Amino acid sequence: MRTKQIRLVGTVTSHDEAVIAVQQQPGDAALVVRGAARALVLNCPCRCGDSLTINLDGRAGPAWRFYLRKNALTLFPSYWRDSRCQSHFILWGNHIYWCDHEEWWSSEVSVALRQTVWEHLTAEFSRYDILAEKIGDIPWEVLDACRALVREGRAERHPDKRRGDEFRRKGF
Ligand SMILES: [Zn+2]
């Protein structure tokens, strides 16, 4: 069984320390912080035993957006390993959502967030992660809210699959 939860075991200052810190079990995670957050090192939740290094530092190349709220970690976008175990997952609020065979979104979007997202939608299609930045919220939550609004008929997803991360308000 692949693990569905990560456990933040600590914050360290070097990659080497992080690799040692996460050795105990799959899903163990350590943050490398030197001035700013540099990387997340994760004992691969698929149980392959490898440690994954996820860059959080935009100055060091392509980086994931990273949120730490109430000791719960979220990464954006999803992590997709292109070698060995090829794990592909979303990390959201310390929970691992496997992308290959699980509906990963929660269906409990708060009314308040749905309303806020709806108010930020316009007649033009816009990307949910850009909306999330404007609202100051986690992209997965905003995507979740957009999907809820689509189900309620209050928003529309772009009909072109390649632009499937774009939404607009419905009913102008
Ligand atoms: Zn793995």
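**Exercise 1. Is K70 buried or exposed? Work out where K70 sits and what its backbone does.**

Keep in mind that this is a predicted model.

- Step 1: find the place. K70 is found in the loop between β5 and β6.
- Step 2: check the cover. The relative accessibility of K70 is 86%, and exposed means over 50%, so K70 counts as exposed.
- Step 3: look at the backbone. K70 is not a glycine, yet its phi is positive, at about 50 degrees.

**Exercise 2. Put N94 through the same treatment.**

- Step 1: N94 belongs to the loop between β8 (88–92) and β9 (95–98).
- Step 2: phi is positive here too, at about 70 degrees, although N94 is not a glycine.
- Step 3: the relative accessible area of N94 is 13%. Buried means under 20%, so N94 is buried.

**Exercise 3. Describe the site of the zinc ion: which residues are its donors, and how are they arranged?**

- Step 1: list the protein donors. They are the SG atoms of C44, C46, C48 and C85, lying 2.3 Å from the zinc ion.
- Step 2: check the angles. Among the four donor atoms they run from 105 to 114 degrees. Four donors count as tetrahedral if all angles lie between 85 and 135 degrees, so the site is tetrahedral.
- Step 3: read the spacing along the sequence. The donor residues follow the pattern C-x1-C-x1-C-x36-C.
- Step 4: ask about cover for one of the donors. C48 has 33% relative accessibility, so it counts as partly exposed.

**Exercise 4. Which residues of helix α2 are buried, and where on the helix do they lie?**

- Step 1: α2 covers residues 111–120, and its buried residues are L113, R114 and V117.
- Step 2: these buried residues cover an arc of only 100 degrees around the axis, which puts them on the same side of α2.
- Step 3: recall the helix geometry. An α-helix has 3.6 residues a turn, so residues three or four places apart point the same way.
- Step 4: turn to the face away from the buried side. The exposed residues there are V111 and A112.
- Step 5: find the partners. The buried residues of α2 pack against α3 (128–135) and α4 (139–151).

**Exercise 5. Do the same for α3: what lines its buried face, and what does that face pack against?**

- Step 1: the buried residues in α3 are Y128, D129, L131 and A132.
- Step 2: viewed down the axis of α3, they fall within an arc of 155 degrees, so they line one face of the helix.
- Step 3: on the other side of α3, E133 and K134 are exposed.
- Step 4: the buried residues of α3 pack against helices α2 and α4, and also against strands β5, β6 (72–76), β10 (126–127) and β12 (166–169).
- Step 5: step past the end of the helix. Just after α3 comes G136, with a positive phi of about 80 degrees.

**Exercise 6. Characterise the surroundings of L56.**

- Step 1: L56 lies in the loop between β4 (51–55) and β5 (65–69).
- Step 2: its relative accessible area is 11%, so L56 is buried.
- Step 3: collect the contacts, leaving out residues up to four places away in sequence. L56 touches L31, A37, R38, A39, L40, A63, W64, F66 and L75.
- Step 4: compare sequence and space. L56 and R7 are 49 residues apart in sequence, and their C-alpha atoms are 18 Å apart.

**Exercise 7. Where is the peptide bond from F76 to P77, and what is its omega?**

- Step 1: P77 lies in the loop between β6 and β7 (79–80).
- Step 2: omega of the bond is near 0 degrees, and the bond is cis.

**Exercise 8. Zoom out: how compact is the chain?**

- Step 1: count the elements. The chain has four helices and twelve strands.
- Step 2: set the radius of gyration beside the globule rule. The chain comes to 17 Å, close to the 16 Å that the rule gives for 172 residues, so it is as compact as a globular protein of that length.
- Step 3: add the extents. The C-alpha trace spans about 55 × 35 × 30 Å along its principal axes.
- Step 4: look at burial. Of the 172 residues, 42% are buried.
- Step 5: check the contacts with a separation of 6 or more. Residues 24 or more positions apart account for 40% of them.
- Step 6: finish with the surface. The accessible surface is about 9,500 Å², and 49% of it belongs to carbon and sulfur atoms.

Methods: Residues are numbered from 1 along each chain as its sequence is written. This is a predicted model: local features need pLDDT of at least 70, side-chain atom pairs count only at pLDDT 80 or more; totals for chains, interfaces and linings use all residues. Side-chain values use heavy atoms; hydrogens and water are left out. Donors are N, O and S atoms within 2.8 Å of the metal (3.2 Å for Na, K and Ca); water is not among the atoms, so sites may look incomplete. Four donors count as tetrahedral if all angles lie between 85 and 135 degrees; four count as square planar and six as octahedral if opposite donors are over 155 degrees apart and all others between 65 and 115; anything else is irregular. Buried means under 20% relative accessible area, exposed over 50%, partly exposed in between (1.4 Å probe, protein chains only). Helices (H or I, at least four residues) and strands (E, at least two) are DSSP runs, numbered from the N terminus. The radius of gyration is taken over C-alpha atoms; the globule rule is 2.2 Å times the number of residues to the power 0.38. Contact means heavy atoms within 4.5 Å. Accessible areas come from the Shrake-Rupley method with a 1.4 Å probe; for residues, only the protein chains shown count as cover. The arc is that of the directions from the helix axis to the C-beta atoms.
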